[in-house]
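Biologist: I am new to this structure and would be grateful for a close look at a single part of it. Please describe how two of its helices pack, and what lies around them.

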Amino acid sequence: MSQEPGMGVNYIYFNMENGPTADIKVRKALQMAVDRDAMCAALYQYGECSPAYLPLPPASWGYDESLEDWYQNMMLKVQKNYLQKQGI
């Protein structure tokens, strides 16, 4: 049996028109609060999940692994800046 990376992507949808997630500040806070590694470990207990940091799945021909670290570092800066602006 062969095991190959898949092209499947799971995501969480936020209602951007109604309810608490209509506020972009709430959506940003939720995005920052998600521990992607913990979520993968909890939902996929046999190691068949890898957290996504870019819009394309790692098995895609257009995926650029070199951008993962850049994206995570950039997001940390964005998150810190956002939290400072919110007075948190």
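Modeller: The following account takes up the pairing of two helices, then the nonpolar core, and then some single residues.

This is a predicted model, in which local features need pLDDT of at least 70 and side-chain atom pairs count only at pLDDT 80 or more, whereas totals for chains, interfaces and linings use all residues. Residues are numbered from 1 along each chain as its sequence is written, and side-chain values use heavy atoms, with hydrogens and water left out.

Two packed helices are described by the angle between their axes and the distance between the axes. Here, helix H1 covers residues 24-33 and helix H3 covers residues 66-85; helices are DSSP runs (H or I, at least four residues), numbered from the N terminus. Their axes come within 11 Å and cross at roughly 130°. Axes are lines fitted to C-alpha atoms, for helices over the stretch in contact, and angles run from 0 to 180 degrees between N-to-C directions. H1 and H3 are therefore oblique to each other, a term for angles that are not under 35 degrees (roughly parallel), over 145 (roughly antiparallel) or 65 to 115 (roughly perpendicular).

On the H1 side, Lys 25, Lys 28, Gln 31 and Met 32 meet Tyr 71, Met 75, Gln 79 and Tyr 82 of H3, where contact means heavy atoms within 4.5 Å. By class, this contact has 4 nonpolar, 2 polar and 2 charged residues. Ala, Val, Leu, Ile, Met, Phe, Trp, Tyr, Cys and Pro count as nonpolar, Asp, Glu, Lys and Arg as charged, and the others, Gly among them, as polar.

Tyr 71 and Met 75 also belong to the largest nonpolar core, which has 5 residues and includes Tyr 53, Leu 54 and Tyr 63 as well. Such a core is a set of buried Ala, Val, Leu, Ile, Met, Phe, Trp, Tyr and Cys residues joined through side-chain atoms within 4.5 Å. Buried means under 20% relative accessible area, exposed over 50%, and partly exposed in between (1.4 Å probe, protein chains only). Not counting residues up to four places away in sequence, Tyr 63 touches Leu 54, Leu 56, Pro 57, Pro 58 and Glu 68.

Ser 66, in helix H3, is exposed, with a relative accessible area of 54%. Trp 61 lies in the loop between helix H2 (36-43) and H3, and it counts as exposed at 84% relative accessibility. In H2 itself lies Met 39, which counts as partly exposed at 33%. Leaving aside neighbours within four places in sequence, Met 39 is in contact with Ile 12 and Val 34.

Methods. Helix = DSSP H or I, 4+ residues; strand = E, 2+ residues; numbered from the N terminus.
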